[in-house]
Amino acid sequence: MSPFYTAAKHMLRTPDGPSVGYMCEFVPVELIVAVGATPYRMCTGLQETTFSAEEYLPQTFCPLIKSTMGAYGEKPPFDLVVIPATCDGRKHLGELYSDDVNVHMMDVPITGETVHARMLWMKEVQRLRKALQSTFDKKITAKGLKRAILEENGRRELMAQLLEQRKGDLTLSGSDLMLVALMSRYMDVDRWSKAVNVLIASGSKRKTRKEGRTDRSGPRILLTGAPVILPNWKIPLLIEESGGALVLDSLCSGTRTMWQTAEPSGWSIQEMMIAMADRQMMSLCPCQIPFDAAWARIRTVIEDFQIDGIIHHVLQSCHPFGVEATLMRRRMEELDVPLLSLETDYSQEDVEQLRTRIEAFIEMLEGRSNR
Ligand code: SF4
Ligand code: SF4
């Protein structure tokens with residue numbers, strides 16, 4: 001894991017050279033790579049920067065937005081900042097930045113299901129391509145875009161192999177898995193892929209020797225909900241410290257958007273743009289309704305990965321994930337799989353309270369498995 005730990009230490013170091021800060025997984029990073037710039041996911045999990053942001057933002061704002069605004073100040077050091085307008089916080093962040101920074105907002109349709117929504121989103125992806133070309137005064141070519149799509153698809157295929165190993169005994173902790181996924185947004189593709197290949201090979205060896213589950217044999221947990229960004233790692237760590245086997249996450253900061261590759265029907269610019277737009281529409285984020293597509297995915301994960309219980313993470317003041325918690329609870333009752341919903345922020349003050357609730361949940365799951 002050392003390449004990932006090292007990358008995590010330097011996560012806040014913004015890239016040298018042409019770069020684009022982006023704030024959400026709706027952004028097709030392949031376009032940024034194809035224009036010759038480095039994509040950099042701007043979301044942060046620092047508590048201290050939430051305080052400095054309160055100079056510009058209401059105290060009650062989502063901690064992720066406050067932390068990000070505080071971390072980069074009013075002038076983030078990127079050639080372009082791309083913000084999909086998925087929730088109120090992001091819309092207003094774009095507005096605040098736009099006086100001093102080159103900002104490109106993307107309109108995200110409220111649903112991913114209709115033809116109209118798909119067309120609207122396709123136009124947004126085209127608009128982003130134009131904005132990138134004009135910012136860097138460089139044309140995105142079919143050859144460059146194909147290379148970027150294949151590279152990013154390669155990452156997702158490797159992640160799929162790593163996830164496949166989690167259907168049985170675990171050879172890698174869930175918090176490490178989440179770190180590997182998060183670092184895919186900060187490490188270049190070669191360095192990240194090399195390190196993931198090592199993990200896959202060592203996972204296969206340990207499985208052959210049946211060394212996998214020994215220290216991770218508690219109830220199997222799926223973590224869903226709002227993004228978890230370093231250094232705010234309290235939820236995954238608390239799950240593991242409380243005896244839970246964190247099998248995987250379904251967070252946009254983790255593995256949720258790494259399931260799907262972009263699959264163009266051909267290699268013309270138009271075909272590739274459609275494939276990227278379609279892939280991004282499957283981000284399964286509650287900022288888009290309805291919840292059914294996300295639920296279908298979660299249901300499959302519960303079955304395939306033998307999940308005993310779900311922990312749902314809600315960031316304070318975040319309405320999309322707050323509503324998703326209620327929808328999840330209703331569906332989970334039908335499935336008879338327990339769910340614990342936790343609302344928190346970036347502070348450490350509630351750690352012991354969270355620990356008590358997580359420990360009680362895991363004990364309850366253990367009791368169910370002994371019935
Ligand atoms: S939760 Fe949704 S809106 Fe927020 S960053 Fe993730 S994909 Fe984007
Ligand atoms: S956590 Fe919720 S409120 Fe915060 S940026 Fe994401 S969707 Fe918006």
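Two strands count as paired when DSSP finds at least two bridges between them. Keep that in mind for the exercises below, which walk through a predicted model.

**Exercise 1. Work out the strand order of the sheet that contains S1, and find which strands stand at its edges.**

Step 1. Start with the overall layout: the sheet is open, has 4 strands in the order S2-S1-S3-S4, and pairs in parallel fashion.

Step 2. Now look at the ends of that order. Strand S2 (38–41) and strand S4 (103–106) are the edge strands, since each pairs on one side only. From one strand to the next, the twist averages 25 degrees.

Step 3. Check the pairing in the interior. Strand S1 (residues 19–22) and strand S3 (residues 80–84) run parallel and are joined by 3 bridges. Within this pair, Gly21 stands opposite Val81 of S3.

Step 4. Go on to the neighbouring pair. S3 and S4 also run parallel, joined by 4 bridges, and here Ile83 faces Met105 of S4.

**Exercise 2. Describe how helix H5 relates to this sheet, and decide whether the two sides of S4 are covered or open.**

Step 1. Helix H5 packs on the sheet and touches S3 and S4. The direction of H5 makes about 155 degrees with that of S3.

Step 2. Follow the chain through these elements: S3, H5 and S4 make a right-handed β-α-β unit.

Step 3. For S4, take the side chains face by face. Val103 and Met105 lie on one side, His104 and Met106 on the other, and all of them are buried. Both faces of S4 are therefore covered, taking 20 or more other C-beta atoms within 10 Å as the mark of a buried residue.

**Exercise 3. Repeat the analysis for the sheet that contains S5, and explain what being at the edge leaves open.**

Step 1. This open sheet has 4 strands in the order S6-S5-S7-S8, with parallel pairing.

Step 2. Strand S6 (245–250) and strand S8 (339–344) stand at the edges; each has a single partner strand, so one side of each lacks a neighbour in the sheet. The twist averages 25 degrees from one strand to the next.

Step 3. S5 and S6 run parallel and are joined by 5 bridges. Two residue pairs show the register: Leu222 stands opposite Leu248 in S6, and Ile221 has Leu246 of S6 as its bridge partner.

Step 4. Add the helix. H10 packs on the sheet, touching S5, S6, S7 and S8, and its direction makes about 165 degrees with that of S5. Together, S5, H10 and S6 form a right-handed β-α-β unit.

Step 5. Does an edge place leave S6 enclosed or exposed? Of its 6 residues, 6 are buried, so S6 is largely enclosed by the rest of the structure.

**Exercise 4. Find the backbone geometry worth a second look at Pro231, Asp137 and Ser317.**

Step 1. Recall the usual background: most residues other than glycine have a negative phi, and most peptide bonds are trans.

Step 2. The peptide bond from Leu230 to Pro231 is cis, with omega near 0 degrees. Pro231 sits in the loop between strand S5 (220–225) and helix H10 (234–241).

Step 3. Asp137 has a positive phi, near 50 degrees. Its loop joins helix H6 (115–136) and helix H7 (142–164). Asp137 counts as exposed because 7 other C-beta atoms lie within 10 Å.

Step 4. Ser317 also has a positive phi, near 75 degrees. The residue lies in the loop between strand S7 (309–315) and helix H13 (319–335). Ser317 is partly exposed, because it has 19 C-beta neighbours inside 10 Å.

**Exercise 5. List what surrounds each ligand and classify the shells.**

Step 1. Around ligand 1 are Cys24, Glu25, Phe26, Thr86, Cys87, Pro227, Cys252, Ser283, Cys285 and Cys287.

Step 2. By class, this shell has 7 nonpolar, 2 polar and 1 charged residues.

Step 3. Ligand 2 has 13 residues around it, of which Cys62, Leu64, Cys87, Ala226 and Cys318 come nearest. Helix H4 (63–72), helix H5 (88–97) and H13 are the elements that give two or more residues to this shell.

Step 4. The shell around ligand 2 divides into 10 nonpolar, 2 polar and 1 charged residues.

Conventions: Residues numbered from 1 in each chain as written. Chains lettered and ligands numbered in written order. Predicted model: local features only at pLDDT ≥ 70, side-chain atom pairs only at ≥ 80, totals over all residues. Near = placed C-beta within 6 Å. Nonpolar A, V, L, I, M, F, W, Y, C, P; charged D, E, K, R; others polar. Buried ≥ 20, exposed ≤ 12 C-beta atoms within 10 Å, placed from the backbone. Axes fitted to C-alpha atoms, helices over the stretch in contact; angles between N-to-C directions. Contact = placed C-beta atoms within 7 Å. Right-handed = clockwise from strand over helix to strand, strands pointing away.
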